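Have the model open in your viewer before reading on. The notes below are meant to be read alongside it.

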Amino acid sequence: MTADARPEPTVARQHRSERLLATLDPFPRVVLVSHLNPDPDALASMLGLKALIDHCLPGKSVTLTMDGMIARAENRAMVDLVPVPLSPVESVAFDADTAVIMVDSQPHTGRRASEAAVPKVVIDHHETGGVLTGVAFHDLRPHVGATCTIVTGYLLERHVPVPPRLATALLYGIESEVSGYPREASSLDDGALVWLFPRADKDLLAQIRNPKLPQSHFATVQHALANAFLYRDVVVSWCGAVSQPDIIAEMADFFVRFDQVNWALAVGLFGNVLKLSVRVSLLGEGSGEVLREVVDGLGTAGGHDKRAGGAIPLSDTRPETIDALLHTIRHRLLSRLAIDEHQGRRLLEASPVIQAP
Ligand SMILES: [Mn+2]
């Protein structure tokens with residue numbers, strides 16, 4: 001007989017959802033917060049957590065908040081059609097009776113307008129680590145493709161009914177996060193997608209996927225194409241002043257599909273903030289870390305392996321200030337990628353303009 005024959009210690013293994021609910025239990029109010037300009041993953045995660053809390057801890061007041069704006073047309077469609085009830089975060093009071101849950105982001109990662117509301121709970125899948133002081137429960141899984149996948153897991157664990165509109169929102173939240181190639185998704189994401197699909201309202205899903213776009217969308221596409229430059233396998237595009245901030249990420253998604261390109265950086269001005277978005281078509285490039293180095297001392301950045309976002313607040317938006325910053329950003333990115341910045345060329349020659357037919 002060896003020491004290995006000792007009886008297994010009987011540890012009652014709690015589901016994460018049980019620990020989450022136990023953390024929330026003492027608080028009469030729950031407020032859900034996310035990153036600036038919440039995306040479908042953030043929005044549907046909040047909606048799913050509200051369903052979890054309403055079912056398992058009935059009687060609590062649960063408020064979903066919006067930091068910044070709902071920018072992208074798909075996201076607006078989701079909020080309007082599901083619908084997702086949102087309060088502007090600045091209109092919500094945080095007192096001692098309030099438990100704050102942060103989803104799809106972590107504290108002090110430069111992704112919020114204010115860090116005043118200290119979360120009790122953080123649920124996220126980003127690689128960008130935050131400050132977790134005072135956080136009683138956290139579920140951080142950077143290998144999972146979407147926060148919605150984690151939330152779907154909680155709903156399954158606690159046998160919470162998932163009506164078609166919630167299933168649609170969660171499905172779209174996951175889909176919008178894992179749709180690029182190479183995929184940044186795990187088997188957990190695929191399991192959640194398979195479980196949600198038969199429960200989702202496919203007509204509603206199609207409406208969210210295909211919203212009408214404003215004229216400003218096409219104006220930004222034109223500006224970004226006319227001001228895109230190619231350096232080896234990197235596209236750098238200046239999108240100009242934009243009317244909604246998420247279009248900068250859309251432009252990075254657009255350019256990374258160019259068959260001569262592995263890296264796309266799109267930069268645009270929204271209000272008095274220079275917004276940056278990076279997309280990479282290879283795995284293992286650590287674009288979040290690269291973008292953090294690029295904006296070091298200027299602003300904040302973070303993200304995933306293949307996708308990253310950043311922001312540089314400007315004290316003035318004079319063209320010469322922006323030109324100087326664009327120069328610095330391009331120089332830092334290209335030297336980080338060991339590319340000679342004098343080897344660049346304009347992506348497209350100006351196209352001829354015809355008379356109106
Ligand atoms: Mn996410």
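What follows is a walk through the domains, the two sheets, the helix packing and a few backbone oddities.

## Ground rules

This is a predicted model, where local features need pLDDT of at least 70, side-chain atom pairs count only at pLDDT 80 or more, and totals for chains, interfaces and linings use all residues. Residues are numbered from 1 along each chain as its sequence is written.

Helices (H or I, at least four residues) and strands (E, at least two) are DSSP runs, numbered from the N terminus.

## Two domains

The chain splits into domain 1 (16–209) and domain 2 (215–346), with bounds that come from an automatic or database domain assignment. Taken over C-alpha atoms, the centres of domain 1 and domain 2 are 27 Å apart.

Where they touch, domain 1 puts in 11 residues and domain 2 puts in 13 residues; a contact here means C-beta atoms, placed from the backbone, within 7 Å. The domain 1 side of that contact has two nonpolar, six polar and three charged residues. For those classes, Ala, Val, Leu, Ile, Met, Phe, Trp, Tyr, Cys and Pro count as nonpolar, Asp, Glu, Lys and Arg as charged, and the others, Gly among them, as polar.

## The six-stranded sheet

One open sheet has six strands in the order 3-2-1-4-5-6, with parallel pairing; two strands pair if DSSP finds at least two bridges between them. Strand 3 (87–88) and strand 6 (137–140) are the edges, each with a single partner strand, so one side of each has no neighbour in the sheet. Strand 4 (residues 98–103) and strand 5 (residues 121–124) run parallel and are joined by three bridges. Look for Met102, which stands opposite Val122 in strand 5.

Helices pack on this sheet too. Helix 1 (residues 16–24) touches strand 1 (29–33), strand 4, strand 5 and strand 6, and its direction makes about 145 degrees with that of strand 6. Helix 2 touches strand 1, strand 2 (61–66), strand 4 and strand 5, at about 175 degrees to the direction of strand 2. Axes are lines fitted to C-alpha atoms, for helices over the stretch in contact, and angles run from 0 to 180 degrees between N-to-C directions.

## Helix 2 and its partners

Helix 2 (residues 40–56) packs against helix 4 (residues 147–157) at about 15 degrees, with the axes 8 Å apart. That makes the pair roughly parallel, a label for angles under 35 degrees. Helix 2 passes helix 4 in a left-handed crossing, which is to say that the near helix is turned anticlockwise from the far one by less than a right angle. Residues in this contact include Ala44, Gly48 and Leu52 of helix 2 and Val151 and Leu155 of helix 4. By class, the contact of helix 2 with helix 4 has nine nonpolar, four polar and one charged residues.

Helix 2 also meets helix 5 (residues 164–178), where the axes come within 8 Å and cross at roughly 145 degrees. The crossing of helix 2 and helix 5 is left-handed. Among the residues involved are Leu43, Leu47 and Gly48 of helix 2 and Ala169, Leu170 and Gly173 of helix 5. The contact of helix 2 with helix 5 has nine nonpolar, four polar and two charged residues.

## The seven-stranded sheet

The other open sheet has seven strands in the order 11-12-10-9-8-7-13, and its pairing is mixed. Strand 11 (300–303) and strand 13 (345–346) sit at the edges with a single partner strand each, so one side of each is left without a neighbour in the sheet. Strand 7 (residues 228–231) and strand 13 run antiparallel and are joined by two bridges. The bridge partner of Phe229 in strand 13 is Arg346.

Helix 8 (residues 215–226) packs on this sheet, touching strand 7, strand 8 (234–241) and strand 9 (263–270), and its direction makes about 135 degrees with that of strand 8. Helix 10 (residues 287–294) touches strand 10 (273–280), strand 11 and strand 12 (307–313), at about 175 degrees to the direction of strand 11.

## Backbone oddities

Most residues other than glycine have a negative phi, and most peptide bonds are trans. The bond from Val82 to Pro83 is cis, with omega near -15 degrees, and Pro83 lies in the loop between helix 3 (73–81) and strand 3. The bond from Tyr181 to Pro182 is cis as well, with omega near -5 degrees; Pro182 is in the loop between helix 5 and helix 6 (187–196).

His159 has a positive phi, near 55 degrees, and lies in the loop between helix 4 and helix 5.

Methods
Contact = placed C-beta atoms within 7 Å. Parallel < 35°, antiparallel > 145°, perpendicular 65-115°, else oblique.
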